[in-house]
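Here's a walk through the fold, starting from the inside and working outward. Keep the viewer open as you read.

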Amino acid sequence: MTGDAFSSVPCSSCEMPLQRGVLDEYPSDGPLRQPTPLLRLAALAEHVGVVLADIVADDATGLAGAMGVGFEDDGQLRALVGLAEDFDDGLRTDVLAFALALFTGEPQRLVKAPGGRLGIGRRRLTPTAGVGHLAFHLAYSCGRDTSSATFELIALPSV
């Protein structure tokens, strides 16, 4: 991912251009300069104020990830995303893309969830419009080729 290597291929679902690459003028320390798709997406998450954490395999039963939202003292919505440690980097990238798409595309869904928390199921779903499709574009723009970045959302038990 160097130089002006932008793709001009349209997305088969929405016909928006699938873009991948880094412009020469992009900041040298910017999120898309990271060496792997997961690190690029993680840096992007950090850049927008999303905190990432690992979920140990014993605690991730049935979950690929989990996320929670809350408000900072200044009123800004913030998110915490946990990713199951026992997934490979490709699946973790897809789950993170889905979580970021949900946080940016449907934040009210998270805010209205009990305790502001939702689980992300382990089963990949058929690609969908909306948040799932946005997740696909996020993953692709960070260098991940995936058939779907759509996952089931699961209500988490109260703590």
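## F103 and the core

Take F103 in this predicted model: setting aside neighbours within four places in sequence, F103 is in contact with V50, M67, V69, L77, R78, A79 and L110. Two of the names here come up again in the largest nonpolar core, a group of 39 residues where M67, F103 and I120 have the most contacts inside it.

Who supplies this core? At least two residues each come from α1, β1, β2, β3, α2, β4, α4 and β5. The biggest contributor is α2, which gives nine residues.

## The sheet

Now for the strands. Five of them make an open sheet with mixed pairing, in the order β1-β3-β2-β4-β5. At the edges sit β1 (50-55) and β5 (151-155), each pairing on one side only. On average, neighbouring strands in this sheet are turned by 25° against each other, direction ignored.

Strand β2 is worth a stop. Seven of the nine residues of β2 are buried, so this strand is mostly covered. With β3, strand β2 runs antiparallel, joined by seven bridges; one of the pairs is A66 with G82 in β3. These two strands form a hairpin with five residues between them, and G75 in the turn has a positive phi of about 90°.

With β4, β2 also pairs in the antiparallel sense: residues 63-71 of β2 and 117-124 of β4 share five bridges. L63 has G121 as its bridge partner in β4, while G65 stands opposite I120. I120 is also among the residues with the most contacts inside the largest nonpolar core.

## Helices against the sheet

Helix α2 lies across β1, β2, β3 (77-84), β4 and β5. Against β3, the helix runs at about 160°.

Is α4 mostly buried or exposed? Nine of the 11 residues of this helix (131-141) are buried, so α4 is largely enclosed by the rest of the structure. The buried set is V131, G132, H133, A135, F136, H137, L138, A139 and Y140, and these residues pack against α1 (37-47) and α2 (89-105). After α4 comes G143, with a positive phi near 100°.

## Salt bridges

The count of salt bridges comes to six. One of them joins the side chains of R92 and D54, at 2.7 Å from N to O. The two ends are distant in the chain: R92 belongs to helix α2 and D54 to strand β1, 38 residues apart. R92 counts as buried because its relative accessibility is 13%, under the 20% cut-off. D54, at 47%, is partly exposed.

Another one pairs D94 with R144, whose side chains meet at 2.9 Å, N to O. Here D94 lies in helix α2 and R144 in the loop between α4 and β5, so the pair ties together parts that are 50 residues apart in sequence. D94 is buried, at 0% relative accessibility. There's a third member to look for, too: salt bridges that share partners join D94, R124 and R144 into one network.

For a contrast in setting, try E72 and R78. Their salt bridge has its closest N and O atoms 4.0 Å apart. Both ends count as partly exposed, E72 at 40% relative accessibility and R78 at 28%. R78 has also turned up already, as one of the contacts of F103.

## Cysteines

How many disulfides are there? The count is zero. C14 has C11 as the nearest cysteine, with the sulfur 3.8 Å away. The pair isn't a disulfide because the sulfur atoms would have to be within 2.5 Å.

As for surroundings, C14 is partly exposed at 33% relative accessibility, whereas C142 is buried at 0%.

Methods. Residues numbered from 1 in each chain as written. Predicted model: local features only at pLDDT ≥ 70, side-chain atom pairs only at ≥ 80, totals over all residues. Heavy atoms only, no water. Buried < 20%, exposed > 50% of the residue type's maximum accessible area, 1.4 Å probe, protein only. Helix = DSSP H or I, 4+ residues; strand = E, 2+ residues; numbered from the N terminus. Contact = heavy atoms within 4.5 Å. Pairing = 2+ DSSP bridges. Axes fitted to C-alpha atoms, helices over the stretch in contact; angles between N-to-C directions. Core = buried A, V, L, I, M, F, W, Y, C linked by side-chain atoms within 4.5 Å.
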